[in-house]
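Subject: Structure for your review

Dear colleague,

Please find below the structure that I am handing over to you. I would be grateful if you could keep it open while you read the notes beneath it.

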Amino acid sequence: MPYDAADKVLERGLRNIWYGICPSNFIGTKPVQLHRCGYRMVMWRDNRGKLYALEDYCPHRGAPMSLGINLGDRIACGYHGVQVDGNGVAVSVPGSPGCKLEGLKATKSFPVEEHAGLIFAYIGDEKHPNPPPLVLPEQLTSPEYSSFLCYAEWGGDYRFVMDNVMDPMHGSYLHKQSHSMSFGEAQAQFQIRDTEHGYVFEKVGQRNVNFDWTEWGETGLHWMRLEIPYPKTGGPGGNFVIVGTYTPITSTMAAVIHWRCRKVEGWQRDAWRFLYKNRLEARHWHVLEQDRVMIEQYAPDARDYENLYQHDTGLVRLRRRMRSLAQEQIREGAASAA
Ligand code: FES
Ligand SMILES: [Fe+2]
């Protein structure tokens, strides 16, 4: 398929949704520059821990604010000292007090929230500056669940990562040696079932055996969810649930964000968390490495060589959905430009 305007939108990420950015502990009082969704951002905290996010350009002459000085709720640019607050307003121009830049909101600011160990930012366009509520899957919000955040950056397009997660069948092949995915049929038929916020792509007639289904959800954030049943050696608790969200860093680099969750409480939760840290985590990273190596070796034009079959209907639907959202945003943008 030829590269078109929708591809361009998708390459840098859809607008008007929340994105996972990085773990909360990546950002302290020292301003940090991050590339996400076609933006250079700067994030920092004041000394009470409150988080701020701006586009990383000084409104004077475009220098990176991330090289400036943290003054709490504002940064002073390192170049000529212009101070920009967390709303993007140039509150002080010390080199030329009273000039017209003073008081101007000339810098884009990003609404931010923190949940389950992660920083989220809302990437809105000009017509949608206010974010929708950020609703996360219950595994990240319910006290019945316990989770570990696992964050990685992979050298590939974030859409390849989403295709990979919307492809339960690779569990039986790429991960067949793993401790939790060596069971079940290596052949399967799949079906799609609509849900309130998206859909589930699932194996027909196999449940709780292997990586048997993936869910797509849109709740202000685009997320994916799947379950992998644990063998007894995985300790107490319900199935292992993985919640993921994937953010473009550049067209060839993705933030790969997963939470590994389990419904488990009390002493059993402590036992699982201990076991996870001591035994399971290394195995999970090993499995994830198999995905990473595959995706990083993918050619950027690999999709031009595809011959999709029944296992791929889940990702076909996902691509169609993303494309139609992109086209909607293009139409809206065109309408507002006219
Ligand atoms: S470029 Fe930032 S103050 Fe001049
Ligand atoms: Fe995988």
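The notes below describe the aromatic pairs, a small set of paired strands, a pocket and two backbone angles. Please bear in mind that this is a predicted model.

Aromatic rings

A pair of aromatic rings is described by the distance of the centres and the angle of the planes. The structure holds ten such pairs. One of them joins F148 and Y276, whose ring centres lie 4.1 Å apart with 15 degrees between the planes, and this pair is stacked. It links distant parts of the chain, with F148 in strand β11 (residues 145-154) and Y276 in helix α4 (residues 266-297), 128 residues apart. Both F148 and Y276 are buried.

Another pair is made by F160 and Y298. Their centres are 4.8 Å apart and their planes stand at 50 degrees, so this pair counts as tilted. Because F160 belongs to helix α3 (residues 158-165) and Y298 to the loop between α4 and α5 (313-337), the pair ties together parts that are 138 residues apart in sequence. The two partners may be described separately in terms of exposure. F160 has a relative accessible area of 11% and is buried, since buried means under 20%. Y298, with a relative accessible area of 40%, is partly exposed.

F148 appears again in a cluster, in which ring pairs link it with W272 and Y276. In addition, the charged end of R273 sits over the ring of F148, 3.9 Å from the ring centre. A similar arrangement involves R260, whose charged end sits over the ring of W285, 5.2 Å from its centre.

A three-stranded sheet

Strands of a sheet pair through backbone hydrogen bonds, either parallel or antiparallel. Here three strands form an open sheet in the order β2-β3-β4, and the pairing is antiparallel. The edge strands, β2 (32-36) and β4 (51-55), each pair on one side only. On average, neighbouring strands of this sheet are turned by 30 degrees against each other, direction ignored. Strand β3 (residues 39-45) pairs with β4 over five bridges. R45 stands opposite L51 in β4.

The largest pocket

Which residues lie nearest the centre of the largest pocket? They are D7, R159, P300, R303 and D304, and the lining as a whole comprises 31 residues. The space in this pocket is about 800 Å³. The elements that contribute two or more residues to its lining are α1 (5-12), α3, α4 and α5. The largest share, six residues, comes from α5.

Two positive phi angles

Most residues other than glycine have a negative phi. C37 and A116 are therefore worth locating in the model, as each has a positive value in a residue other than glycine. Phi of C37 is near 55 degrees, and C37 lies in the loop between β2 and β3. At 0% relative accessibility, C37 counts as buried. Phi of A116 is near 50 degrees, and A116 lies in the loop between β9 (112-115) and β10 (118-123). With a relative accessibility of 30%, A116 counts as partly exposed.

Yours sincerely,
A colleague

Definitions and conventions:
Residues are numbered from 1 along each chain as its sequence is written. Chains are lettered from A and ligands numbered from 1 in the order in which they are written. This is a predicted model: local features need pLDDT of at least 70, side-chain atom pairs count only at pLDDT 80 or more; totals for chains, interfaces and linings use all residues. Side-chain values use heavy atoms; hydrogens and water are left out. Rings of Phe, Tyr and Trp (its six-membered ring) pair if their centres lie within 6.5 Å; planes under 30 degrees apart count as stacked, over 60 as edge-to-face and the rest as tilted. Helices (H or I, at least four residues) and strands (E, at least two) are DSSP runs, numbered from the N terminus. Buried means under 20% relative accessible area, exposed over 50%, partly exposed in between (1.4 Å probe, protein chains only). A charge sits over a ring if NZ of Lys or CZ of Arg is within 6 Å of the ring centre and within 35 degrees of the ring normal. Two strands pair if DSSP finds at least two bridges between them. Axes are lines fitted to C-alpha atoms, for helices over the stretch in contact, and angles run from 0 to 180 degrees between N-to-C directions. On a 1 Å grid over the protein atoms alone, a cavity is a set of points where a 1.4 Å probe fits but cannot get out, and a pocket is an open set with protein on both sides within 12 Å along at least five of seven lines; lining residues have an atom within 4 Å of a point. Grid points are joined across faces, edges and corners, and a volume is the space filled by probe spheres set on the points.
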